[in-house]
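Me: I would like to go through a protein structure slowly, with each term explained when it comes up. Could you take my questions one at a time?

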Amino acid sequence: MARFEIHVTYKKGIFDPPGATAERALVNLGYEEVASVKIGKYIQLEVADGTSEARVREMCDKLLANPVIEDYRIERVGEA
Amino acid sequence: MRFGVVIFPGSNCEQDAVHAIRHLGMQADFVWHGDTDLAGYDALVLPGGFSYGDYIRCGAVARFSPVMAEVMRFAERGGPVIGICNGFQILAEAHLLPGALLRNRGLKFICTTVDLRAEESACEWLDLAPGTVLRVPINHNEGNYICDAETLERLQGNGQIVLRYCEPDGSRAAGGSAPNGALDDIAGICNERGNVFGLMPHPERVVDPVSGGTDGQHFFTAIAQRLAEVS
């Protein structure tokens with residue numbers, strides 16, 4: 001099996017309510033150095049050997065991310 | 001006039017929708033998400049709820065259910081489709097409507113009744129004088145409408161913004177009147193053709209005075225009237 005890790009984050013300029021809330025909370029807790037928090041999704045994907053990254057990209061475009069509001073980053077992390 | 005009300009696993013407003021339509025003297029049937037035969041329906045309702053648990057994103061899985069391929073064909077032929085709450089999210093995920101619905105700005109699930117202003121629009125589902133104010137409940141966690149600037153301009157230019165959140169007098173607050181943070185106070189939009197309509201508020205809950213109002217009646221009677229005139 002091949003393993004991929006996928007990070008899904010909001011596109012630049014899309015408001016991220018959980019991130020903004022965590023950011024305010026951290027500052028309120030005294031971590032005044034915090035400038036920005038963005039919260040996204042982390043997906044671990046196991047697929048048959050030989051599956052191309054293009055195929056994984058297709059899965060992201062179709063279901064795992066919404067290209068209207070989200071960007072994603074795919075990383076092949078080896079064999080399971 | 002016969003409405004098909006689609007049930008996805010996790011839908012929970014389909015009974016209200018069917019009750020509302022029947023209360024108004026029209027016919028309504030449930031359509032299961034695995035069904036692929038929509039013959040005999042004049043209009044389709046995608047009801048509220050949490051289709052497929054709303055996992056990944058609201059509506060993201062539902063849009064791939066067998067019935068949705070038929071819903072898309074129905075819409076392409078000009079058939080009227082209304083998506084209410086989760087139904088709106090499904091229509092957006094299916095790209096039948098532009099944009100997306102994000103988590104509410106304040107991170108809270110909002111359950112309240114809001115004032116909505118009918119805008120001058122191409123929507124076949126509404127036939128109200130622009131500026132008419134309606135009181136309709138909302139009940140959602142992801143109703144914060146967003147789209148890019150170019151799309152917003154197109155929505156405004158084409159008369160695709162059907163409903164906006166507003167103040168009781170129909171005005172819009174300087175900081176925005178949308179309780180969920182929606183862009184441009186958008187509560188409901190339609191496609192360019194006007195036959196596909198998505199909105200976060202629940203008109204099906206206010207068709208009978210016993211449930212707090214009748215401002216939702218219009219959403220079902222206007223389309224019936226329009227279809228009767230066409231045929």
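Reply: What follows is a set of questions and answers on the two chains, their strands and some single residues.

Me: Before we start, what kind of model is this, and how are its parts numbered?

Reply: Residues are numbered from 1 along each chain as its sequence is written, while chains are lettered from A and ligands numbered from 1 in the order in which they are written. Side-chain values use heavy atoms, with hydrogens and water left out, and local features need pLDDT of at least 70, side-chain atom pairs count only at pLDDT 80 or more, and totals for chains, interfaces and linings use all residues, since this is a predicted model.

Me: In which pattern do the helices and strands of chain A follow one another?

Reply: Helices (H or I, at least four residues) and strands (E, at least two) are DSSP runs, numbered from the N terminus. Chain A holds 2 helices and 3 strands, and reading along its sequence gives the pattern β-α-β-α-β.

Me: Why is chain A described as more spread out than a compact globule, and what is its radius of gyration?

Reply: The radius of gyration is taken over C-alpha atoms, and the globule rule is 2.2 Å times the number of residues to the power 0.38. For the 80 residues of chain A that rule gives 12 Å, and the chain is more spread out than a compact globule because its value is well over this. The C-alpha trace of chain A spans about 50 × 25 × 15 Å along its principal axes, and its radius of gyration is 16 Å.

Me: Over how many bridges does β1(A) pair with β3(A)?

Reply: Two strands count as paired if DSSP finds at least two bridges between them. Strand β1(A), residues 2–10, pairs with β2(A), residues 41–47, in the antiparallel sense over 7 bridges, and there Arg3(A) has Glu46(A) as its bridge partner. With β3(A), residues 70–79, where Arg73(A) stands opposite His7(A), β1(A) again pairs in the antiparallel sense, and the number of bridges is 9.

Me: What does the globule rule give for chain B, and what is the radius of gyration of that chain?

Reply: Chain B comes to 5 helices and 11 strands. The globule rule gives 17 Å for its 231 residues, and the value for the chain is close to this, so chain B is as compact as a globular protein of that length. Its C-alpha trace spans about 45 × 40 × 35 Å along the principal axes, and its radius of gyration is 16 Å.

Me: What percentage of the residues of chain B is buried?

Reply: Buried means under 20% relative accessible area, exposed means over 50%, and partly exposed lies in between (1.4 Å probe, protein chains only). In chain A, 30% of the 80 residues count as buried. In chain B, which has 231 residues, the buried part is 58%.

Me: Which residue of β10(B) is the bridge partner of Gly198(B)?

Reply: Strand β11(B), residues 196–199, pairs with β4(B), residues 81–84, in the parallel sense over 4 bridges, and in that pairing Gly83(B) stands opposite Gly198(B). Strand β10(B), residues 186–190, pairs with β11(B) in the antiparallel sense over 3 bridges, and these two strands form a hairpin with 5 residues between them. The bridge partner of Gly198(B) from this pairing is Ile189(B).

Me: With which residues is Val71(B) in contact, leaving aside its neighbours within four places in sequence?

Reply: Val71(B) has its place in helix α2 of chain B, and it counts as buried because its relative accessibility is 0%. Val81(B) is 10 residues away in sequence and 7.9 Å away in space, C-alpha to C-alpha. Taking contact to mean heavy atoms within 4.5 Å, the residues in contact with Val71(B) are Leu38(B), Leu44(B), Leu46(B) and Val81(B).

Me: Is Asp185(B), which has a positive phi, buried or exposed?

Reply: Most residues other than glycine have a negative phi. Ile56(B), in the loop between β3 and α2 of chain B, has a positive phi of about 70 degrees and counts as partly exposed at 32% relative accessibility. Asp185(B), in the loop between β9 and β10 of chain B, has a positive phi of about 60 degrees. With a relative accessible area of 4%, Asp185(B) is buried.
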